[in-house]
Amino acid sequence: MRNGSNGHNPRAQVTLESTMEITVYSAPWCADCREAKRFLKEHNLAFKEVDIESTPGAADEVIKHTGKRAIPQFVVDGEWIQPYRSGKGFLYEEMSKRLDVAKPK
């Protein structure tokens, strides 16, 4: 079986180079959203941001997947995750484990 002209397995290379795909549903006025994005930036995790106020259908997408209009929401490799709890704020320890980054100091 031939894997390419140089004989290496291209699937192995894709596996080594793959990273998490993170999307953050947020709004400019949301303090919890700013904290969630700050956490991702501090851990050098690339993410795509979807502003539910300016992106048509984005708020409906949040409701469709979570049953409520609650932001911020992370979508990590297709899985929806709410990174905060009302009254508790951003879930640093839980998100650190979930995203495999160092725990907060």
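User: What is the strand order in the open sheet of four strands?

Analyst: Happy to help! In this predicted model, the order is S2-S1-S3-S4, and the pairing is mixed.

User: Why are S2 and S4 said to stand at the edges?

Analyst: Strand S2 (48-51) and strand S4 (79-81) each have a single partner strand, so one side of each lacks a neighbour in the sheet. On average, neighbouring strands here are turned by 25° against each other, ignoring direction.

User: How do you know that S3 and S4 pair?

Analyst: Pairing calls for at least two bridges between two strands. Strand S3 (residues 73-76) is joined to S4 by three bridges, so the pair meets that definition. The two strands run antiparallel, and phenylalanine 74 stands opposite isoleucine 81 in S4.

User: What makes the buried residues of H3 line one face of the helix?

Analyst: Those residues are Ala58, Ala59 and Val62. Viewed down the axis of H3, they fall within an arc of 105°, so they line one face. They pack against S1, S2, S3 and S4.

User: Which residues does H3 carry on the face turned away from its buried side, and why are they called exposed?

Analyst: That face carries Asp60 and Lys64. They are called exposed because the term stands for over 50% relative accessible area.

User: Which strands do H2 and H3 lie across?

Analyst: Helix H2 (residues 31-42) lies across strand S1 (22-26), S2 and S3, at about 160° to S1. Helix H3 (residues 58-66) lies across S1, S2, S3 and S4, running at about 95° to S4. Just after H3, glycine 67 takes a positive phi of about 85°.

Conventions:
Residues are numbered from 1 along each chain as its sequence is written. This is a predicted model: local features need pLDDT of at least 70, side-chain atom pairs count only at pLDDT 80 or more; totals for chains, interfaces and linings use all residues. Side-chain values use heavy atoms; hydrogens and water are left out. Axes are lines fitted to C-alpha atoms, for helices over the stretch in contact, and angles run from 0 to 180 degrees between N-to-C directions. Contact means heavy atoms within 4.5 Å. Buried means under 20% relative accessible area, exposed over 50%, partly exposed in between (1.4 Å probe, protein chains only). The arc is that of the directions from the helix axis to the C-beta atoms.
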